[in-house]
Amino acid sequence: MKLIIQVWRQESRDAKGKFEKYNLEGLDENMSVPEMLDFLNEKLIKRGEDPIAFESDCREGICGQCGFVINGHVQSPEKQATTCQTHLRSFKDGEEVFLEPFRATAFPIKKDLCIDRTALDRIIAKGGYIGVNTGQAPEANSILIGHDTAESAFDAAACIGCGACVAVCKNASAALFTGAKISHLSMLPQGKLEAKTRVQKMVAQMDAEGFGSCTFTGACEKVCPQGISLANIVTMNREFWKS
Amino acid sequence: MLNSKIPEGPIQHKWTQYKASAKLINPANRKKYKVIVVGTGLAGSSCAASLSELGFQVEVYTFHESPRRAHSVAAQGGINAAKDYKNDGDSVWRMFYDTVKGGDFRSREANVYRMAECSLALIDQAVAQGVPFAREYSGYLSNRSFGGVQVSRTFYARGQTGQQLLQGAYQALIRQTAVGNINLHTRHEMMDLVVVNNKAKGIVTRNLDTGEIKIMEADAVVLATGGYGKIYYLSTLAMNCNASAIWRAHKRGAFFAAPSWTQFHPTSLPQMGDYQSKLTLMSESLRNDGRIWVPKKKADDRPPHEIPEEERDYYLERKYPSYGNLAPRDISSRAAKEQIDGGHGVGPMKNAVYLDFDSAIAQEGKPTIEKRYGNLFDMYKKITGMDAYKQPMLISPAAHFSMGGLWVDYELMSNLEGLFVLGEANFADHGANRLGANSLLQACVDGYFIAPHTIMNFLASEKPHETIDQIEKEKLITDTQERLETLLKIKGNKTAEEFHKELGIILYTKCGLIREEAVLLEAKSQIQELQKSFYTDLLVPAGNQINFELEKAARVEDYLELALLIVEDALQREESCGAHFRKEFQTEEGEAKRNDEEFKFVSVWESLEKNVFKLHKEDLDFENIKVSERSYK
Ligand SMILES: Cc1cc2nc3c(=O)[nH]c(=O)nc-3n(C[C@H](O)[C@H](O)[C@H](O)COP(=O)(O)OP(=O)(O)OC[C@H]3O[C@@H](n4cnc5c(N)ncnc54)[C@H](O)[C@@H]3O)c2cc1C
Ligand code: SF4
Ligand code: FES
């Protein structure tokens, strides 16, 4: 299989970047996108050129480390998939494929396809937790949680912190990410007590990091590899007004 | 020389006794002590958070961009605890027994008992943190069963148990960065351990974004850096999993135990081509309903549905009638390999066996199977493009878990004082084979419940903040700088990845599921050759700032050294036990044949100089469980 790859190359945070074109032959349609970059990098290194800097770790869609924009699709042209779960069989033989980093003010580009998403950790640090110390917990079955509540909490908690929702949003809002954590925790009886301060502090941090505000276009829900629902943003807003 | 420091008294009371007599530090004085925690998986995050809650100063390091990306995130199946919520006869004692037996009587009784005992509180802790475990309609916690046991003691959160537990631990950790005493250093790799007078006193780190090399001093160092199964190149581990932190500590004097005991998971997806970088695990829970088979005829090229029932060999059901498709991992993986090697392999590379849901779908209906495994079937389709409702899955054994690791005593402390090793990075609880859903548990229990007590006990006899000599510090930094410069200067023609792949092939074929003296000796000389050529042929692109190739090269350098120790360990152990199967030592029926007379010990290795290893032995005493043949027939 052949592809023409156009990759965003950018030396460092402040450098100017541009697309660079590579003609690749001898690809296998079962390769994942990161495996294709491994293949390309091998060639670049041997030609004495600088390999493309990109990150990936689990390569099975759960760690949230990968994630580029592929032909304008954030994460993947496939439905509910991460970049590492995207295989070359998604492209036509000979197709031109554009790869560029997620773009958002709060996610500065470090090099080529690598970005800095630590802003998301700082939002969680403000209250995305239940304040229980080791040793304080009561017997597990003394906290009853209905099957459906547990399932809904799981749906929200499944977020992998990839930032695709931010990258696709025209305002670069982190509402889906933040809303998912707020609704995961405030839905559970053990997380209700801190609900008020949690939502206030997390929303304030979201603003402080330079994420935009949510105008409810629903673009985030469509690209989220975990299928996190827009309803989480509604929950966040409700919790916010309640507080 | 090796003192495992197991407390006196009956096994049920050892841990209580230990805690009752452990030394404490006054809350006001705790902040004077600094502890380094390397790794933010379940073991590292939980330990760091717990220490900070107690009031210690904690410096946390991970090479990841965020603590939440540690490979614990990928665990699917579940976590064990002896809660006996099913009233099916489970107890701490039974879990202890199952684990010791599952490990083929090569683990330390006292540690295993403690893990089972602490499992109860761990589920409580996780629920309190908001981990959304599966629930019954009544609101109570739900359980399922896993390979190698006959009770249902596995708690799970759909197919993402590791992710959910890690969220809990990560949130506890990140909370302490705001309200407690944690300093978090992401994108920092530990390059070396600082040892002063046989005590761990700090680490050498490299900032992976800027290339800066620094020293962090501390009163104790915790390594929770995960497993090294990635040494086989193709494995279920993440791309960046490595052995470097524990290997560098080993080179500074920490003993390495049972390095060759690697678990091969039976239900991974097979390799599809040379380009492949990792193997994805399909949860073991699939074996509850899937039936494993191969064609009876060798090199049978017919598609599976054209092979009639009588021409299929359901080899696990045939060989292990009472456990069938749920036989423990080591046994299932080895059986698959025998079929593949015997010419019965299926799939494009003839390197797989079938996992078939036809009878389950016929019996229970597609909706039921979809409800149980829908997400796994979707994942299978995403990766392979194939539909497992219509044709059987292709599965194959893959390197998965390191039972071996740095040697630790009952306090999870290495032979180097002040160096604590937690989670998959240590050798302790799983013996020669780990039972499914026990390692998330071990990582959590080590970090939340054990290390905080044993570290405090250690620190209580230490003077806080003894600084390291300045000249010594500068030398350590130069050592690491020079090491990296050497790699950059070789300028050969082969990438680190290519070396890693070659090493992986040697290990898979010669020191994998089945081992044999003559073949191991071949492996040894091939690895030596490969290591030699590494220093003449390696090609690393220039650049000291973000340079993933340089990171890889340093890790592969360490892998090559560890690989030699792995082979040495496999050669030395002239018996078969658990995951370590020596062809020369098997029963008439082809099962692992232990030699308790001569090998009822843990092999503990010291490196005298590069590639020169000295064996120490920790004898294993079984006072509570009768050592018997491990049978799953
Ligand atoms: C695909 C898969 C599925 C699994 N499923 C299950 C299951 O269902 N049940 C079960 O019980 N177990 C399961 N396991 C095993 C279990 O997940 C692991 O044993 C456990 O999570 C290990 O946790 P840990 O904290 O020891 O290490 P990890 O989670 O691997 O964390 C290691 C940490 O160390 C850091 N690190 C490593 N080296 C360095 C360095 N040199 N410098 C700085 N930082 C470093 C990393 O950044 C990371 O933060 C599974 C494993 C895999 C691979
Ligand atoms: S909400 Fe979805 S897209 Fe956003 S960070 Fe979480 S997983 Fe990624
Ligand atoms: S590499 Fe982990 S989600 Fe893609």
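For the residue classes used on this tour, Ala, Val, Leu, Ile, Met, Phe, Trp, Tyr, Cys and Pro count as nonpolar, Asp, Glu, Lys and Arg as charged, and the others, Gly among them, as polar. Keep in mind as you click around that this is a predicted model.

**Stop 1: the largest pocket**

Start by selecting Arg158(B), Gly159(B), Lys371(B), Arg372(B) and Asn375(B), the residues nearest the centre of the largest pocket. There are 48 residues in its lining, and its volume is about 1400 Å³. Next, colour helix H3 (147–157) of chain A and helix H11 (366–384) of chain B, the elements that give two or more residues to this lining. Which one gives the most? That's H11(B), with 11 residues.

Now try colouring the lining of the largest pocket by class: you should get 17 nonpolar, 18 polar and 13 charged residues. While you're here, highlight domain 1 (3–111) and domain 2 (118–133 + 142–242) of chain A, since each of them supplies at least three residues to the lining of the largest pocket.

**Stop 2: the second largest pocket**

Hop over to the second largest pocket, which holds about 840 Å³ of space. To find its centre, pick Phe54(A), Ile546(B), Asn547(B), Phe548(B) and Glu551(B), the closest of the 47 residues that line it. Show helix H1 (33–46) and strand E6 (109–111) of chain A, then helix H14 (496–510) and helix H16 (548–572) of chain B: these are the elements giving two or more residues to the lining. H16(B) has the largest share, seven residues. Colour this second lining by class too, and you'll have 15 nonpolar, 12 polar and 20 charged residues.

**Stop 3: a sheet in chain B**

Switch to a cartoon view and look for an open sheet of five strands in chain B, ordered E18-E16-E10-E19-E20 with mixed pairing. Where are its edges? Select strand E18 (426–427) and strand E20 (612–619) of chain B, each of which pairs on one side only.

Further in, zoom to strand E10 (residues 256–257) and strand E16 (residues 405–407) of chain B, which run antiparallel and are joined by two bridges. Show Phe256(B) as sticks and you'll see Leu406(B) of E16(B) opposite.

**Stop 4: helices on the sheet**

Add helix H7 (residues 244–251) of chain B, which packs on the sheet and touches E10, E16, strand E19 (601–609) and E20 of chain B. The directions of H7 and E19(B) make an angle of about 70°. Finally, bring back H16(B) from the second stop: this helix lies across E10, E19 and E20 of chain B, at about 140° to E19(B).

Terms used. Residues numbered from 1 in each chain as written. Chains lettered and ligands numbered in written order. Predicted model: local features only at pLDDT ≥ 70, side-chain atom pairs only at ≥ 80, totals over all residues. Heavy atoms only, no water. 1 Å grid on protein atoms, 1.4 Å probe; cavity = no way out; pocket = protein on both sides within 12 Å on 5 of 7 lines; lining within 4 Å. Points joined across faces, edges and corners; volume = space filled by probe spheres on them. Helix = DSSP H or I, 4+ residues; strand = E, 2+ residues; numbered from the N terminus. Domains from an automatic or database assignment. Pairing = 2+ DSSP bridges. Contact = heavy atoms within 4.5 Å. Axes fitted to C-alpha atoms, helices over the stretch in contact; angles between N-to-C directions.
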